[in-house]
Amino acid sequence: MNNEFIYDIPQSRVIFGAGSLSQLVGEIERLGAKKALILSTPEQVKLAEKISTILGDVSAGIYSKAVMHVPIESAREARAFAKELGADCAIAVGGGSTTGLGKAIALEYDLPILAIPTTYAGSEMTPVYGITENGIKKTGKDPRVLPKTVIYDPELTLTLPLEMSITSGINAIAHAAEGLYAQNGNPIMSILAEEGIRALADGLKKLKTDSQNIDARSLCLYGAWLCGYVLGNVGMAIHHKLCHTLGGSFNLPHAPTHTVILPHSIAYNEKSAPEAMFKIKRALGVTEGTAGQALFELISDLDAPIALSSLGLTSVDLDKATEIALSNPYWNPEPIKKDAIRHLLQNAFNGQKPF
Ligand code: NAD
(Lines give C-alpha, C1' and ligand atoms only; values in the text may rest on other atoms or scores of the structure.)
Protein backbone atom coordinates (compact mmCIF):
# COMPACT_ATOMS: atom_id res chain seq x y z
CA MET A 1 0.00 0.00 0.00
CA ASN A 2 1.06 3.61 -0.59
CA ASN A 3 1.73 4.90 2.91
CA GLU A 4 1.50 8.53 1.87
CA PHE A 5 -1.13 9.95 -0.42
CA ILE A 6 -3.45 12.85 -1.20
CA TYR A 7 -7.09 11.97 -1.81
CA ASP A 8 -8.85 14.79 -3.66
CA ILE A 9 -11.25 13.40 -6.20
CA PRO A 10 -13.77 15.41 -8.26
CA GLN A 11 -17.09 13.57 -8.51
CA SER A 12 -19.63 13.00 -11.24
CA ARG A 13 -23.20 12.06 -10.47
CA VAL A 14 -23.72 8.45 -11.55
CA ILE A 15 -27.06 6.84 -12.39
CA PHE A 16 -26.57 3.11 -12.91
CA GLY A 17 -28.95 0.33 -13.89
CA ALA A 18 -30.75 -1.47 -16.71
CA GLY A 19 -33.39 0.93 -18.02
CA SER A 20 -31.81 3.99 -16.36
CA LEU A 21 -32.07 5.94 -19.63
CA SER A 22 -35.66 6.57 -18.44
CA GLN A 23 -34.19 8.99 -15.87
CA LEU A 24 -32.70 11.24 -18.54
CA VAL A 25 -35.36 13.97 -18.47
CA GLY A 26 -35.06 14.39 -14.69
CA GLU A 27 -31.28 14.47 -14.92
CA ILE A 28 -31.31 17.16 -17.60
CA GLU A 29 -33.70 19.23 -15.46
CA ARG A 30 -31.33 18.78 -12.54
CA LEU A 31 -28.55 20.32 -14.65
CA GLY A 32 -30.88 23.23 -15.38
CA ALA A 33 -30.46 22.73 -19.14
CA LYS A 34 -33.08 23.91 -21.62
CA LYS A 35 -31.26 23.33 -24.92
CA ALA A 36 -29.39 20.05 -25.07
CA LEU A 37 -27.17 19.19 -28.02
CA ILE A 38 -27.06 15.43 -28.58
CA LEU A 39 -23.81 13.93 -29.89
CA SER A 40 -23.23 10.54 -31.50
CA THR A 41 -21.28 8.76 -34.20
CA PRO A 42 -22.99 8.20 -37.57
CA GLU A 43 -23.41 4.52 -36.59
CA GLN A 44 -25.41 5.44 -33.46
CA VAL A 45 -27.61 8.18 -34.90
CA LYS A 46 -30.78 6.12 -34.25
CA LEU A 47 -29.99 6.11 -30.55
CA ALA A 48 -29.37 9.87 -30.67
CA GLU A 49 -32.79 10.30 -32.34
CA LYS A 50 -34.42 8.19 -29.66
CA ILE A 51 -32.88 10.44 -27.03
CA SER A 52 -34.05 13.52 -28.89
CA THR A 53 -37.60 12.14 -28.86
CA ILE A 54 -37.38 11.41 -25.11
CA LEU A 55 -36.26 14.99 -24.49
CA GLY A 56 -38.90 16.67 -26.64
CA ASP A 57 -38.54 20.47 -26.56
CA VAL A 58 -35.34 20.30 -24.53
CA SER A 59 -33.57 18.68 -27.50
CA ALA A 60 -31.88 21.49 -29.44
CA GLY A 61 -30.40 19.27 -32.14
CA ILE A 62 -28.25 16.27 -33.03
CA TYR A 63 -24.65 16.29 -34.22
CA SER A 64 -23.95 12.75 -35.38
CA LYS A 65 -20.50 13.06 -36.93
CA ALA A 66 -18.31 12.05 -33.99
CA VAL A 67 -15.26 10.05 -35.13
CA MET A 68 -12.29 8.37 -33.47
CA HIS A 69 -9.59 10.62 -31.92
CA VAL A 70 -11.57 13.91 -32.26
CA PRO A 71 -10.05 15.54 -35.38
CA ILE A 72 -9.85 19.33 -34.87
CA GLU A 73 -12.12 19.86 -37.91
CA SER A 74 -14.95 17.89 -36.33
CA ALA A 75 -14.39 19.65 -32.97
CA ARG A 76 -14.65 23.04 -34.72
CA GLU A 77 -17.77 22.05 -36.63
CA ALA A 78 -19.49 20.68 -33.51
CA ARG A 79 -18.53 23.79 -31.50
CA ALA A 80 -19.97 26.06 -34.20
CA PHE A 81 -23.17 23.99 -34.23
CA ALA A 82 -23.41 24.22 -30.42
CA LYS A 83 -23.01 27.99 -30.65
CA GLU A 84 -25.58 28.32 -33.41
CA LEU A 85 -28.13 26.35 -31.34
CA GLY A 86 -27.31 28.22 -28.14
CA ALA A 87 -26.80 24.82 -26.50
CA ASP A 88 -26.49 24.84 -22.69
CA CYS A 89 -25.65 21.14 -22.31
CA ALA A 90 -24.07 18.35 -24.40
CA ILE A 91 -25.38 14.81 -24.21
CA ALA A 92 -22.71 12.39 -25.42
CA VAL A 93 -24.23 9.00 -26.20
CA GLY A 94 -21.74 6.39 -27.36
CA GLY A 95 -18.16 5.37 -26.76
CA GLY A 96 -14.98 7.29 -26.05
CA SER A 97 -15.04 9.00 -29.46
CA THR A 98 -18.39 10.65 -28.79
CA THR A 99 -17.53 11.56 -25.20
CA GLY A 100 -14.28 13.01 -26.56
CA LEU A 101 -16.23 15.28 -28.91
CA GLY A 102 -18.38 16.46 -26.00
CA LYS A 103 -15.19 17.29 -24.11
CA ALA A 104 -13.85 19.31 -27.04
CA ILE A 105 -17.05 21.40 -26.97
CA ALA A 106 -17.04 21.79 -23.17
CA LEU A 107 -13.45 22.97 -23.30
CA GLU A 108 -14.47 25.98 -25.36
CA TYR A 109 -18.01 26.69 -24.12
CA ASP A 110 -17.85 25.49 -20.53
CA LEU A 111 -21.20 23.70 -20.81
CA PRO A 112 -22.02 20.59 -18.76
CA ILE A 113 -21.73 17.15 -20.36
CA LEU A 114 -24.19 14.40 -19.59
CA ALA A 115 -22.56 11.18 -20.79
CA ILE A 116 -24.38 7.99 -21.68
CA PRO A 117 -21.56 5.48 -22.33
CA THR A 118 -22.25 2.51 -24.56
CA THR A 119 -18.75 0.97 -24.51
CA TYR A 120 -16.35 0.21 -21.66
CA ALA A 121 -13.64 2.75 -22.64
CA GLY A 122 -14.10 4.91 -19.51
CA SER A 123 -13.63 8.41 -20.95
CA GLU A 124 -16.80 9.60 -19.17
CA MET A 125 -15.01 9.31 -15.81
CA THR A 126 -11.96 11.38 -16.71
CA PRO A 127 -11.08 15.08 -17.02
CA VAL A 128 -8.72 14.12 -19.88
CA TYR A 129 -9.43 15.33 -23.41
CA GLY A 130 -7.68 14.65 -26.71
CA ILE A 131 -7.86 16.54 -30.00
CA THR A 132 -6.04 15.50 -33.20
CA GLU A 133 -4.48 18.17 -35.40
CA ASN A 134 -2.15 17.52 -38.35
CA GLY A 135 -2.05 13.84 -37.43
CA ILE A 136 -0.91 14.46 -33.85
CA LYS A 137 -3.25 13.82 -30.94
CA LYS A 138 -2.68 16.29 -28.14
CA THR A 139 -4.11 15.44 -24.77
CA GLY A 140 -4.70 17.62 -21.76
CA LYS A 141 -6.56 17.73 -18.46
CA ASP A 142 -9.28 20.19 -17.55
CA PRO A 143 -11.95 19.82 -14.85
CA ARG A 144 -14.52 21.45 -17.19
CA VAL A 145 -14.54 18.39 -19.47
CA LEU A 146 -15.41 15.87 -16.76
CA PRO A 147 -19.07 14.95 -17.34
CA LYS A 148 -21.33 16.30 -14.58
CA THR A 149 -23.70 13.36 -14.90
CA VAL A 150 -23.23 9.84 -16.25
CA ILE A 151 -26.08 7.49 -17.01
CA TYR A 152 -24.86 3.90 -17.22
CA ASP A 153 -27.63 1.83 -18.78
CA PRO A 154 -26.41 -1.72 -19.56
CA GLU A 155 -29.34 -2.18 -21.97
CA LEU A 156 -27.61 0.26 -24.34
CA THR A 157 -24.55 -1.98 -24.48
CA LEU A 158 -26.47 -5.03 -25.73
CA THR A 159 -25.86 -3.91 -29.33
CA LEU A 160 -22.09 -3.63 -28.89
CA PRO A 161 -20.73 -6.58 -30.93
CA LEU A 162 -19.12 -9.30 -28.81
CA GLU A 163 -15.62 -8.80 -30.23
CA MET A 164 -15.74 -5.06 -29.56
CA SER A 165 -17.19 -5.66 -26.11
CA ILE A 166 -14.27 -7.89 -25.21
CA THR A 167 -11.51 -5.58 -26.44
CA SER A 168 -13.27 -2.58 -24.90
CA GLY A 169 -13.48 -4.46 -21.59
CA ILE A 170 -9.77 -5.32 -21.71
CA ASN A 171 -9.07 -1.64 -22.50
CA ALA A 172 -10.85 -0.84 -19.21
CA ILE A 173 -8.93 -3.51 -17.32
CA ALA A 174 -5.73 -1.84 -18.54
CA HIS A 175 -6.71 1.42 -16.77
CA ALA A 176 -7.17 -0.42 -13.48
CA ALA A 177 -4.06 -2.58 -13.85
CA GLU A 178 -1.85 0.47 -14.35
CA GLY A 179 -3.74 2.31 -11.61
CA LEU A 180 -2.58 -0.36 -9.17
CA TYR A 181 1.05 0.72 -9.54
CA ALA A 182 0.48 4.44 -10.21
CA GLN A 183 3.03 6.77 -8.68
CA ASN A 184 0.19 8.88 -7.24
CA GLY A 185 -1.99 5.88 -6.32
CA ASN A 186 -4.00 5.67 -3.12
CA PRO A 187 -5.73 2.84 -1.24
CA ILE A 188 -9.25 3.78 -2.40
CA MET A 189 -8.24 3.71 -6.07
CA SER A 190 -6.52 0.36 -5.54
CA ILE A 191 -9.70 -1.13 -4.05
CA LEU A 192 -11.73 0.19 -6.98
CA ALA A 193 -9.14 -1.03 -9.49
CA GLU A 194 -9.11 -4.55 -8.14
CA GLU A 195 -12.91 -4.70 -8.04
CA GLY A 196 -13.09 -3.26 -11.56
CA ILE A 197 -10.75 -5.97 -12.92
CA ARG A 198 -12.68 -8.70 -11.11
CA ALA A 199 -16.07 -7.47 -12.38
CA LEU A 200 -14.89 -7.11 -15.98
CA ALA A 201 -13.05 -10.43 -16.11
CA ASP A 202 -16.14 -12.25 -14.76
CA GLY A 203 -18.52 -10.23 -16.91
CA LEU A 204 -16.57 -10.75 -20.14
CA LYS A 205 -16.39 -14.53 -19.60
CA LYS A 206 -20.17 -14.57 -19.16
CA LEU A 207 -20.69 -12.36 -22.22
CA LYS A 208 -18.69 -14.78 -24.32
CA THR A 209 -21.30 -17.47 -23.76
CA ASP A 210 -24.25 -15.08 -24.06
CA SER A 211 -23.68 -11.54 -25.30
CA GLN A 212 -27.32 -10.65 -24.58
CA ASN A 213 -27.16 -11.55 -20.90
CA ILE A 214 -28.16 -8.34 -19.14
CA ASP A 215 -26.57 -9.39 -15.82
CA ALA A 216 -23.24 -9.93 -17.58
CA ARG A 217 -23.65 -6.59 -19.38
CA SER A 218 -24.35 -4.91 -16.02
CA LEU A 219 -21.27 -6.50 -14.47
CA CYS A 220 -19.08 -5.31 -17.36
CA LEU A 221 -20.45 -1.76 -17.26
CA TYR A 222 -20.04 -1.63 -13.49
CA GLY A 223 -16.41 -2.76 -13.92
CA ALA A 224 -15.91 -0.20 -16.68
CA TRP A 225 -17.18 2.57 -14.40
CA LEU A 226 -14.67 1.61 -11.69
CA CYS A 227 -11.78 1.25 -14.14
CA GLY A 228 -12.62 4.57 -15.80
CA TYR A 229 -12.72 6.20 -12.38
CA VAL A 230 -9.23 4.92 -11.69
CA LEU A 231 -8.02 6.21 -15.08
CA GLY A 232 -9.41 9.64 -14.27
CA ASN A 233 -7.76 9.92 -10.91
CA VAL A 234 -4.29 8.39 -10.97
CA GLY A 235 -1.44 8.46 -13.49
CA MET A 236 -0.83 5.83 -16.12
CA ALA A 237 2.54 4.43 -17.23
CA ILE A 238 4.21 2.27 -19.90
CA HIS A 239 1.08 0.49 -21.08
CA HIS A 240 -0.87 3.64 -21.95
CA LYS A 241 2.25 5.25 -23.40
CA LEU A 242 2.87 2.34 -25.78
CA CYS A 243 -0.78 2.16 -26.85
CA HIS A 244 -0.84 5.92 -27.45
CA THR A 245 2.27 5.55 -29.64
CA LEU A 246 0.88 2.63 -31.61
CA GLY A 247 -2.56 4.20 -32.05
CA GLY A 248 -1.30 7.68 -32.89
CA SER A 249 1.69 6.90 -35.11
CA PHE A 250 0.59 3.69 -36.79
CA ASN A 251 -3.17 4.18 -36.75
CA LEU A 252 -3.81 0.91 -34.93
CA PRO A 253 -7.33 0.38 -33.51
CA HIS A 254 -7.63 1.67 -29.94
CA ALA A 255 -9.19 -1.16 -27.91
CA PRO A 256 -7.58 -4.12 -29.77
CA THR A 257 -4.15 -2.48 -29.33
CA HIS A 258 -4.71 -2.20 -25.57
CA THR A 259 -5.77 -5.84 -25.60
CA VAL A 260 -2.62 -7.10 -27.32
CA ILE A 261 -0.18 -4.93 -25.35
CA LEU A 262 -1.61 -5.38 -21.84
CA PRO A 263 -0.05 -8.77 -20.85
CA HIS A 264 3.35 -7.57 -22.08
CA SER A 265 3.32 -4.17 -20.38
CA ILE A 266 2.23 -5.74 -17.11
CA ALA A 267 4.95 -8.41 -17.48
CA TYR A 268 7.46 -5.58 -17.98
CA ASN A 269 6.59 -4.24 -14.51
CA GLU A 270 6.21 -7.66 -12.88
CA LYS A 271 9.31 -7.44 -10.66
CA SER A 272 9.05 -3.74 -9.77
CA ALA A 273 5.41 -3.72 -8.65
CA PRO A 274 4.82 -6.99 -6.77
CA GLU A 275 1.83 -5.76 -4.75
CA ALA A 276 0.00 -4.62 -7.90
CA MET A 277 0.75 -8.00 -9.52
CA PHE A 278 -0.64 -9.84 -6.49
CA LYS A 279 -3.86 -7.79 -6.74
CA ILE A 280 -4.24 -8.33 -10.49
CA LYS A 281 -3.88 -12.09 -9.99
CA ARG A 282 -6.28 -12.05 -7.04
CA ALA A 283 -8.84 -10.12 -9.12
CA LEU A 284 -8.51 -12.71 -11.90
CA GLY A 285 -8.80 -15.59 -9.41
CA VAL A 286 -5.39 -16.96 -10.38
CA THR A 287 -2.65 -18.29 -8.09
CA GLU A 288 -0.17 -19.82 -10.56
CA GLY A 289 2.22 -17.97 -12.88
CA THR A 290 2.59 -14.21 -13.28
CA ALA A 291 0.02 -11.42 -13.66
CA GLY A 292 1.11 -10.87 -17.28
CA GLN A 293 0.59 -14.56 -18.02
CA ALA A 294 -2.82 -14.53 -16.30
CA LEU A 295 -3.93 -11.61 -18.48
CA PHE A 296 -2.61 -13.35 -21.60
CA GLU A 297 -4.63 -16.47 -20.68
CA LEU A 298 -7.77 -14.38 -20.10
CA ILE A 299 -7.41 -12.64 -23.46
CA SER A 300 -6.69 -15.91 -25.30
CA ASP A 301 -9.65 -17.65 -23.63
CA LEU A 302 -11.87 -14.77 -24.76
CA ASP A 303 -10.60 -15.30 -28.36
CA ALA A 304 -9.46 -11.68 -28.45
CA PRO A 305 -6.42 -10.55 -30.49
CA ILE A 306 -3.02 -11.46 -29.04
CA ALA A 307 -0.62 -10.31 -31.79
CA LEU A 308 0.21 -6.83 -33.12
CA SER A 309 0.84 -8.47 -36.50
CA SER A 310 -2.88 -9.24 -36.70
CA LEU A 311 -3.74 -5.53 -36.22
CA GLY A 312 -1.85 -4.35 -39.29
CA LEU A 313 1.55 -3.46 -37.82
CA THR A 314 4.56 -4.69 -39.81
CA SER A 315 7.86 -5.88 -38.34
CA VAL A 316 9.70 -2.90 -39.86
CA ASP A 317 7.54 -0.59 -37.69
CA LEU A 318 8.89 -2.07 -34.46
CA ASP A 319 12.14 -0.04 -34.36
CA LYS A 320 10.29 3.17 -35.08
CA ALA A 321 7.66 2.39 -32.43
CA THR A 322 10.45 1.80 -29.93
CA GLU A 323 12.05 5.16 -30.75
CA ILE A 324 8.76 7.05 -30.42
CA ALA A 325 7.91 5.30 -27.17
CA LEU A 326 11.26 6.40 -25.75
CA SER A 327 11.15 9.96 -27.06
CA ASN A 328 9.36 11.58 -24.10
CA PRO A 329 10.48 10.35 -20.70
CA TYR A 330 7.72 9.30 -18.28
CA TRP A 331 7.45 7.56 -14.95
CA ASN A 332 7.15 3.77 -14.82
CA PRO A 333 7.82 1.33 -11.96
CA GLU A 334 10.48 -0.47 -14.03
CA PRO A 335 13.00 1.86 -15.69
CA ILE A 336 12.35 2.31 -19.41
CA LYS A 337 15.17 0.68 -21.40
CA LYS A 338 15.42 0.60 -25.18
CA ASP A 339 16.31 -3.07 -25.60
CA ALA A 340 13.63 -4.20 -23.17
CA ILE A 341 10.93 -2.13 -24.90
CA ARG A 342 12.01 -3.46 -28.30
CA HIS A 343 11.81 -6.99 -26.89
CA LEU A 344 8.36 -6.29 -25.41
CA LEU A 345 7.08 -5.05 -28.77
CA GLN A 346 8.57 -8.05 -30.59
CA ASN A 347 6.79 -10.45 -28.22
CA ALA A 348 3.54 -8.53 -28.65
CA PHE A 349 4.03 -8.54 -32.42
CA ASN A 350 4.49 -12.32 -32.42
CA GLY A 351 1.61 -12.95 -29.99
CA GLN A 352 3.90 -14.80 -27.62
CA LYS A 353 2.87 -15.47 -24.02
CA PRO A 354 5.03 -13.35 -21.69
CA PHE A 355 7.43 -15.23 -19.45
P1 NAD B 1 -15.64 4.44 -30.16
O2 NAD B 1 -16.32 5.46 -29.33
O3 NAD B 1 -14.79 4.94 -31.28
O4 NAD B 1 -16.74 3.45 -30.71
C5 NAD B 1 -16.38 2.51 -31.72
C6 NAD B 1 -17.60 2.22 -32.60
O7 NAD B 1 -18.55 1.48 -31.86
C8 NAD B 1 -18.32 3.48 -33.07
O9 NAD B 1 -18.73 3.30 -34.38
C10 NAD B 1 -19.51 3.55 -32.15
O11 NAD B 1 -20.59 4.24 -32.69
C12 NAD B 1 -19.82 2.08 -31.97
N13 NAD B 1 -20.55 1.78 -30.74
C14 NAD B 1 -20.33 2.27 -29.50
N15 NAD B 1 -21.18 1.74 -28.63
C16 NAD B 1 -21.97 0.89 -29.33
C17 NAD B 1 -23.05 0.04 -28.98
N18 NAD B 1 -23.46 -0.09 -27.72
N19 NAD B 1 -23.62 -0.68 -29.95
C20 NAD B 1 -23.19 -0.61 -31.23
N21 NAD B 1 -22.16 0.17 -31.61
C22 NAD B 1 -21.57 0.91 -30.67
O23 NAD B 1 -14.73 3.45 -29.30
P24 NAD B 1 -14.21 3.50 -27.78
O25 NAD B 1 -13.25 2.39 -27.67
O26 NAD B 1 -15.34 3.58 -26.83
O27 NAD B 1 -13.43 4.88 -27.69
C28 NAD B 1 -12.14 5.04 -28.22
C29 NAD B 1 -11.73 6.48 -28.16
O30 NAD B 1 -11.90 7.01 -26.85
C31 NAD B 1 -10.24 6.69 -28.51
O32 NAD B 1 -10.11 7.85 -29.29
C33 NAD B 1 -9.60 6.88 -27.14
O34 NAD B 1 -8.41 7.61 -27.22
C35 NAD B 1 -10.70 7.61 -26.40
N36 NAD B 1 -10.61 7.46 -24.94
C37 NAD B 1 -10.40 8.58 -24.21
C38 NAD B 1 -10.32 8.49 -22.82
C39 NAD B 1 -10.13 9.74 -22.01
O40 NAD B 1 -10.05 9.67 -20.80
N41 NAD B 1 -10.05 10.89 -22.62
C42 NAD B 1 -10.47 7.25 -22.18
C43 NAD B 1 -10.69 6.12 -22.96
C44 NAD B 1 -10.76 6.24 -24.35
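1. Phenylalanine 5 comes out as partly exposed, with 43% relative accessibility. The residue sits in the segment ahead of strand 1 (13-16). Together with Tyr7 and Ile188, Phe5 makes a nonpolar surface patch of about 280 Å². Keep in mind that this is a predicted model.

2. Next, strand 5. This strand covers residues 113-117, and five of its five residues are buried. Ile113, Ala115 and Pro117 point one way, Leu114 and Ile116 point the other way, and all are buried. So what does strand 5 pair with? On one count, strand 4 (residues 89-94) runs parallel to strand 5 and is joined to it by five bridges, with glycine 94 partnered by proline 117. Strand 8 (residues 149-152) also pairs with strand 5 in the parallel sense, over two bridges; here alanine 115 has valine 150 as its bridge partner. Helix 4 (residues 96-109) completes the picture: with strand 4 and strand 5 it makes a right-handed β-α-β unit.

3. Now the aromatics. The whole structure has four aromatic pairs. One of them is phenylalanine 16 with tyrosine 152, a tilted pair at 5.9 Å centre to centre and 45° between the planes. Phenylalanine 16 belongs to strand 1 and tyrosine 152 to strand 8, so this contact ties together parts 136 residues apart in sequence. How covered are the two partners? Phenylalanine 16 is partly exposed at 33% relative accessibility, whereas tyrosine 152 is buried at 0%. The rings of tyrosine 63 and phenylalanine 81 give another tilted pair, with centres 6.2 Å apart and planes at 45°. That one links tyrosine 63 in strand 3 (residues 59-63) to phenylalanine 81 in helix 3 (residues 72-85), 18 residues apart. Tyrosine 63 is buried, at 5% relative accessible area. Phe16 and Tyr152 turn up again in one aromatic cluster with Tyr222 and Trp225.

4. A loop residue to look at: threonine 41, between strand 2 (36-39) and helix 2 (45-55). At 12% relative accessibility threonine 41 counts as buried, because the cut-off for buried is under 20%. Its C-alpha atom is 8.7 Å from that of glycine 95, and the two residues are 54 apart along the chain.

5. On to charges. There are 13 salt bridges in the structure. Glutamate 27 and arginine 13 form one of them, at 2.8 Å from N to O. With glutamate 27 in helix 1 (residues 24-31) and arginine 13 in strand 1, the pair ties together parts that are 14 residues apart in sequence. Which side of this bridge is buried? Glutamate 27 is, at 5% relative accessibility, while arginine 13 is partly exposed at 32%.

6. Two other salt bridges also link distant parts of the chain. Lysine 208 meets aspartate 303 at 3.3 Å, N to O. Lysine 208 is in helix 6 (residues 187-209) and aspartate 303 in the loop between helix 11 (291-301) and helix 12 (317-327), 95 residues apart. Lysine 208 is partly exposed at 34%; aspartate 303 is exposed at 59%. Then there is arginine 342 with aspartate 319, whose closest N and O atoms are 2.6 Å apart. Arginine 342 lies in helix 13 (residues 338-350) and aspartate 319 in helix 12, 23 residues apart. Both are partly exposed, arginine 342 at 23% and aspartate 319 at 47%. Finally, Glu195, Arg198 and Asp202 are joined into one network by salt bridges that share partners.

Key. Residues numbered from 1 in each chain as written. Predicted model: local features only at pLDDT ≥ 70, side-chain atom pairs only at ≥ 80, totals over all residues. Heavy atoms only, no water. Patch = residues over 30% accessible without salt bridge, like charges linked within 9 Å, V, L, I, M, F, W, Y side chains within 5 Å. Areas by Shrake-Rupley, 256 points an atom, 1.4 Å probe, with all protein chains shown as cover. Salt bridge = Lys/Arg side-chain N within 4 Å of Asp/Glu carboxyl O. Helix = DSSP H or I, 4+ residues; strand = E, 2+ residues; numbered from the N terminus. Buried < 20%, exposed > 50% of the residue type's maximum accessible area, 1.4 Å probe, protein only. Pairing = 2+ DSSP bridges. Right-handed = clockwise from strand over helix to strand, strands pointing away. Phe/Tyr/Trp six-rings, centres within 6.5 Å; stacked < 30°, edge-to-face > 60°.
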